[in-house]
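Trainee: I should like to go through this model with you, taking the helix packing before the chain contact. May we begin?

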Amino acid sequence: MPTPPAPPPSASSALETGRRTGALAGGSPRIALLFLTPALLLMLVFLVYPTAYSLVRSLFDARGDEFVGLGNYATAFSDDRTLVALRNNVIWVVVAPTLVTSIGLVLAVLIEKVRWATAFRLVMFMPLAISLVASGIVFRLVYDEDPDRGLVNAVAVSVHDSFAHASPFPGVRPREGGGLVAAPDGSMVTTAQIGRDAVLALPLTGYDPADLPPRTSAAVPAEPGAGVRGLIWLDVGGADDRPGRLDAGERGMPGVAVEVLADDRVVATVTTGDDGRFTAPDLAPGSYALRLPASNFAEPFRGLTWLGPALITPVIISAWLWVMAGFAMTLIAAGLAAIPRDAQEAARVDGATEWQVFRRVTVPLLSPVLVVVLVTLVINVLKVFDLVFVIAPGSAQEEANVLALQMWQVSFGSGGGDQGLGSALAVLLFLLVGPAMLFNVRRFKAERS
Amino acid sequence: MRAFRIVPVATAAVVLAGCAAGTAPHSAPPGADVDLSGQTVEVAAVWADDEQASFERVLDEFERQTGAEVTYVSGGDELPTVLSTRLVGGAPPDVAIVSQPALVHSMAADGALVPLDAATDALITEQFGPVWKEWGTVEGTLYGFVFKATNKSTVWYDTEQLGEDFVPPADWDAFVDLLRTRSDLGGTPLSVGGADGWTLTDWFENVYLQTAGAQMYDKLAEHEIPWTDDSVRVAMETLGRAFQPQFMPGGRASALQTEFADSVVDVFGDDPKAEIVFEADFVAGVIAESTSATVGRDALFFPFPSIGDTSSVITGGDTVVALTDRPATAALVRFLASSQAAAIWVERGGFISPNREVALEGYPDETTRRIAEDLVNAQNPRFDMSDLMPTSLGATRGDGFWRAMQDYLADPARLPQILSDLEAEATAAYARR
């Protein structure tokens, strides 16, 4: 059945409406009540009562039989976890909705101009159809630290490796008590100062002897002579395997760069031969130190610890962005379809560039829709829970914490909970959502009048 | 509490149980020697799937002997919530089997539990080690017993990577030496599932029980000594000898990102990154479920390396408690305490009974038999400490004890700060209890 076109709003029709409602209200309040009762009852049972009960419950202790006044609120605000959760919620509210709305806006405007607009919209909207827990599991994998499992690090590693060369002996470390110590920058330095014609034997370890290059030969102690001479060898894989001693069968480490330092200044650089020996001749009298630069031993690049304490919140926000961008885009696209085209056309005729049209015409005309999307997202973001719970590993959960998750952890998490404190957090969350709700209600009212 | 429950797979066991089902006992087991025709009993536990099927076989036997009708309700990991809701509603199940000793204590303190009767008490005294009876006792009254136990002192290794002639380390020094030797050869032998805090607390508990002794362990679990006590520092530093970055694939940061199941797959998967992983007997379940390795051939275990000279085992378990005061309830509880009831599940696999009378021959394979033997014969079995703590301290993701262990793994140099923070949290948590 076709809907009759709505009459144009005018003073007379508004008056008419008012008269009609007035007549109905005056005529039969009993009928009005009859129609209202089911809705009121549902609201009372499912909304008003739980809210009121949470409020009351938040004033009682964990067991619920002792009145503690505002004690739970005091506990909440003296707990680091709540404060971190509050801080994260602020980050979420400030960053996430703005980001999603902007991306949704850009997508909506761009997709409008492509040919397969509907198909694109469908694809963009799809993540919203996936449950947040499932999305969380997907992103937990995408950001996994192990490049064999995590997509992002797999990409990062392959990009990195196509520009940087791998070190010859990744993971090698000095044998304890062998004369070398690891420096914080990954290089190794000699523990003692040496003379200009010292003879050294420096054992290294932490490398599979089977992985040494084929040209490697058995380690041979350096002969005394002119200049600093020494042997750098792999102290494993020998017949006896005595730590720190050169045993039969142990081999040198070829191609290791050795720097001779005088007062932290590099005076000579040499490389070990196939048997692990090196010689740095022609040194002036004085005392020196040796350094094996980190480039010999650097571990292969493994990507970033995305799910570690430092990056966890941005990472979870990016997952939320993936889910919600389609939602923002769809609403904004609907708004876009409704704005009068002639304004844009007029601007174009007047010689405005596309950017100027977007910036000065489209966005201002869309602003009511943008505000609605933004506020809806703010409300949505305050209750974010599942993504944080699923994506953050236990070791970073504290850093990723948000109020909704904290509330659940406190009241139900891992069995016996403190539902008094949990209710206090729920009330807190309610107070935070309050302004956004109020704003939305006011807008709806304003629109109706 | 374990956030992680694995259903142990017992392929051979199912076949075995099929053969064994025909052999009826000569006389009715304790608790099943009464006529309860027409009566109903309701049991609630965490078990689902395979475990539920095995437990129902145990219940079937009770039904067959007594004529009672037993209903099983699986509460899953939410069992504590299910129980507390039903208690508030005034309709609790007759029998509950809970994994949290702390929950047993709080329910007993609230008067929700019915003490075990004299006959069951005598049965437990006779067939269980004294420590097990102590755990079911609250303020001098026996309320429950552990029906299904876990051995949390097993170190699993990949036989293929460690070679034919690998000899398990005799003590902690040898264990650390083993890790060092393997890492000297360029390997990263030790897989640590540090993203889950409970794996790390299990490490600590095993070390602490041995370096500080059982009495100190009990005191620390009850918070009678502070976490800043010197014995804690000693245990942490002992543990720190094994928690070296060069022993773990990817170092400390990666260990903190590795969840328990992944830490097992990292050892027994197709592309192994490590050779050894420590956790409880349910590692066998993960191996069977998530890798192509075979427990007993590719995957073997050795007991947690000893540090002192007493054999110690950290255990956990599911405790049977009665919530109603009815003859049928008491009969079922007594039946579950008996070795005959345990033997039914033992044969099906994936089950360890702390009951001494259960014949070790009944276990379906060599690995399970040795795990059970270590557990039953240990001189110093102790319950998992984090399970004995208030949950806010001992079982909360990213907080309390779990978090402290993760912080220690991340940066051992911060130990004094970590322990004093943990002590402050513990003081608050025990005060709320």
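Trainee: How do helix α13 and helix α14 of chain B pack, roughly parallel or roughly perpendicular?

Mentor: In this predicted model, local features need pLDDT of at least 70, side-chain atom pairs count only at pLDDT 80 or more, and totals for chains, interfaces and linings use all residues. Helix α13 (residues 260-268) and helix α14 (residues 283-290) of chain B have axes 10 Å apart, at an angle of about 65°. Roughly perpendicular covers 65 to 115 degrees, so α13(B) and α14(B) are roughly perpendicular.

Trainee: Which classes of residue make up the contact of α13(B) with α14(B)?

Mentor: Contact requires C-beta atoms, placed from the backbone, within 7 Å. α13(B) contributes B:Ala261, B:Val264, B:Val265 and B:Phe268, while α14(B) contributes B:Val283, B:Val286, B:Ile287 and B:Ser290. Ala, Val, Leu, Ile, Met, Phe, Trp, Tyr, Cys and Pro count as nonpolar, Asp, Glu, Lys and Arg as charged, and the others, Gly among them, as polar. By class, the contact has seven nonpolar, one polar and no charged residues.

Trainee: Which helix gives the largest share of the side of chain B that touches chain A?

Mentor: Residues are numbered from 1 along each chain as its sequence is written, and chains are lettered from A and ligands numbered from 1 in the order in which they are written. The contact takes 33 residues from chain B and 27 residues from chain A. On the side of chain B that touches chain A, helices supplying at least two residues each include α3 (79-88), α8 (172-184) and α12 (251-257). The largest share, four residues, comes from α12(B).

Methods. Contact = placed C-beta atoms within 7 Å. Axes fitted to C-alpha atoms, helices over the stretch in contact; angles between N-to-C directions. Parallel < 35°, antiparallel > 145°, perpendicular 65-115°, else oblique.
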